[in-house]
Amino acid sequence: MVLKLINFAGSLCVLLYGMKLMSDGIQKGAGQKLQKALAFVTGNRFVGLLTGMILTMIIQSSGATTVMVVTFVNAGLMTLQQSIGVIFGANIGTTVTGWIVALFGFNFKMETLAVPIFGIGYLLTVNKRIHKEGFGQALMGFALLFIGLGWLSSAFQLDADSPLVHLLAIVQGYGAASIMIGVVVGTIITGLLHSSSAMSAIIITMAYNKLVNWEFSAAMIIGSTIGSTIDAIMASFGAKPDAKRVALVHVLFNLSTAVIALIIFKPFLAFVDFITPTFSKNQIIYDITMLHTIFKVFGAIIFLPFVKQIVWLMNRLVKDDENALPTEYHLEFNERMAMESPEGCVFRVQKEMTVFADVVVEMFDSLQDGLQHPDKDFIENHFSRIEQLENYTDQMQDEIVHYLVRCSHLHLSDESKDNVSTMMQLAGEMESMADGCLNIANQIKKAVEKKMEFPKEDVDRLLPYFELARQLLYFIHKNVAKMQSLTQEQFEFASEIEQQIDDERRSLRKIARDRMEKGGDVRTELLYIDMVRQIEKFSDRCFDVAGELGKTVRGSIHQRIS
């Protein structure tokens, strides 16, 4: 008996590791394309349902999809309303594992094919030239899944006098109470495994070996749906209210569908029995798989028309945090996300880089009022805000770099590794840009406090110069949001603006110096020259960001410009 338990534990670990390896490999092979597809779901609930379903079918993990959804809502990439359809779809998508197990796990000797499949996958992972490491890892996981399933089936081939057989016979003999026991067992084991797909594979294997009957299997399937919500709950710890609402939607949706299924338990099982095609043998494994699918599909059909009402209810149940301090920045590293979807961690921080750029744009735009109207109104209404945002960007740089360092230790695709490296550089450059905005604001403040007045023609010359810097800032803001390499034409555009700024800086400095030589106020002219220099330094930082985004083309263009 002890040996059987050890075999069962080992087989289960191989099965779970195979599913994990397959999920990670598919995500790694696809880079961040899957995350981008999820992040840009439209407000259409049916599109969201389809997206969640297909994504979960591909990565073979509703837990990974749910964790991504919670994280993306927390980051502002998705709204609560958009996420609900995806959650419903993920519940349907997770049933595909059961069909794979039922159709191929017992009818063919998949363990025999698993060995060469594993070998092919291994060759793909070690051959760096073809850049298919992720898909090789997915093949290895696929092979391990069926090896683990074969071993699990062998572990469940018990003698009639085995203690486990007697225990299962006892718990299945209590009528209605047995149903509740099955639900509880399914909930607890799924929560411990963090995988409803693995639990469904275990239930199907037990039923195949005649250890559990039809009703008890169905009860455990229903319980596994409740247990699968553990990932969403863990991902919502420390998250924003909307992310907590998404987790609550997942819990209440799965719990509600489970309650409905239990209320109509007997008729529901009869209906599944009626619509499931009849096979020559082992009919129960197909009945279980069909029940799992119908159960999830019916749940989505019942609740999908009420998405707006669900959003309203979630907003009432989970209140916004009125004590939150918007001046404090925190970027939590989600361990569950790192386990389920390491690529999603990188995509998550890309959103924060866009927020970083938004803050810098707000700071720079606030300076224009000070340049046009350097008065006490600027100090009262704008300077304190710029000062506050500069402190906020210091926090952003610290938190983002710390987050990216942790990301760098994850198993990522080459694309994501490059993005991590680029974003580390961008965080430093954008923090320097924020410092530059504060420096310019301090100069405007100094001019107001010292009652220095710039001639109108000086201000009129300065504003077009400032506008060139703004044009370069908006250009890099748009491309940071995309986090894509610049084309040669785009980098040339940034280079031309930078060259115009350099030429204009020399012209403005010459005018100020000429005025000093003609008896102008030295302090005012020096402050004006310093302001021109600070704007030019700001544009240099913008151009450095463009350089980070255009590494592949900047070398040749620099040579041409020089």
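## A walk through a helical protein

Glu380 is our starting point, and you will find this residue in helix α20, which covers residues 376-407. Before you click further, keep in mind that this is a predicted model. Color Glu380 brightly: this residue is exposed, with a relative accessible area of 58%. Now add Asp369, Asp375 and Asp377 to the selection, and together with Glu380 you have a negative surface patch.

**Zoom out for the whole view**

Switch to a cartoon of the full chain. You should see 25 helices and zero strands. The protein has 562 residues, and 53% of them count as buried. If you turn on a surface, its accessible area comes to about 25,500 Å², with 60% of that belonging to carbon and sulfur atoms. The fold also brings together residues from well-separated stretches of sequence: among contacts with a separation of 6 or more, 82% are between residues 24 or more positions apart.

**Next stop: the nonpolar patch**

Select Leu255, Val259, Ile260, Ile263, Ile264, Phe271, Phe274, Ile275, Phe298, Ile301 and Ile302, and show them as sticks under a transparent surface. These side chains make up a nonpolar surface patch, with about 1,000 Å² of accessible area together. Which helices each supply at least two residues of this patch? Color α14 (241-263), α15 (265-275) and α16 (283-303) to see them. Of the contributors, α14 gives the most, with four residues.

Pause at Ile264 while you are here. This residue sits in the loop between α14 and α15. Is Ile264 buried, partly exposed or exposed? Its relative accessibility is 41%, so Ile264 counts as partly exposed.

**Into helix α21**

Now select residues 414-449, which form helix α21, and pick out Ala441 within that helix. With a relative accessible area of 0%, Ala441 is buried. To see what surrounds Ala441, show Leu367, Phe378, Phe383 and Ile386: these are its contacts once neighbours within four places in sequence are left aside. Then try the distance tool from Ala441 to Gly370. The two C-alpha atoms are 7.6 Å apart in space, while the residues are 71 apart in sequence.

Stay in the same neighbourhood of the sequence and select Gln443, also in helix α21. Gln443 is buried too, at a relative accessible area of 6%. What does Gln443 contact beyond its neighbours within four places in sequence? Display Leu527, Asp530, Met531 and Gln534 for the answer. Hold on to Asp530, as we will come back to it shortly.

**A tour of salt bridges**

How many salt bridges are there in the model? The count comes to 13, and a few of them make good stops.

Begin with Glu536 and Arg505, a salt bridge whose closest N and O atoms are 3.4 Å apart. This pair links distant parts of the chain, since Glu536 belongs to helix α24 (residues 522-549) and Arg505 to helix α23 (residues 488-517), 31 residues apart. Turn the surface back on and look at each partner. Glu536 has 7% relative accessibility and counts as buried. Arg505, at 17%, counts as buried as well, because the cut-off for buried is under 20%.

For a bridge within one helix, move along α23 to Asp514 and Lys510. Their side chains meet at 3.2 Å, N to O. The two residues are four apart in helix α23, so about one helical turn separates them. Lys510 is exposed, with a relative accessible area of 52%, whereas Asp514, at 28%, counts as partly exposed.

Now return to Asp530, the contact of Gln443 that you displayed earlier. Asp530 forms a salt bridge with Arg533, and the closest N and O atoms are 2.6 Å apart. Here the spacing is three residues in helix α24, so Arg533 and Asp530 are also separated by about one helical turn. Both partners count as partly exposed: Arg533 has 37% relative accessibility and Asp530 has 24%. For a set of partners beyond a simple pair, select Asp365, Glu467 and Arg470, which are joined into one network by salt bridges that share partners.

**Where to finish**

Put the negative patch of Asp369, Asp375, Asp377 and Glu380 back on screen, then rotate to the nonpolar patch that α14, α15 and α16 help to build. End the tour on Ala441, buried in the model, with Phe378 and Phe383 among its contacts.

Conventions:
Residues numbered from 1 in each chain as written. Predicted model: local features only at pLDDT ≥ 70, side-chain atom pairs only at ≥ 80, totals over all residues. Heavy atoms only, no water. Patch = residues over 30% accessible without salt bridge, like charges linked within 9 Å, V, L, I, M, F, W, Y side chains within 5 Å. Areas by Shrake-Rupley, 256 points an atom, 1.4 Å probe, with all protein chains shown as cover. Salt bridge = Lys/Arg side-chain N within 4 Å of Asp/Glu carboxyl O. Lys, Arg positive; Asp, Glu negative; His and termini not counted. Charge placed at Lys NZ, Arg CZ, Asp CG, Glu CD. Buried < 20%, exposed > 50% of the residue type's maximum accessible area, 1.4 Å probe, protein only. Contact = heavy atoms within 4.5 Å.
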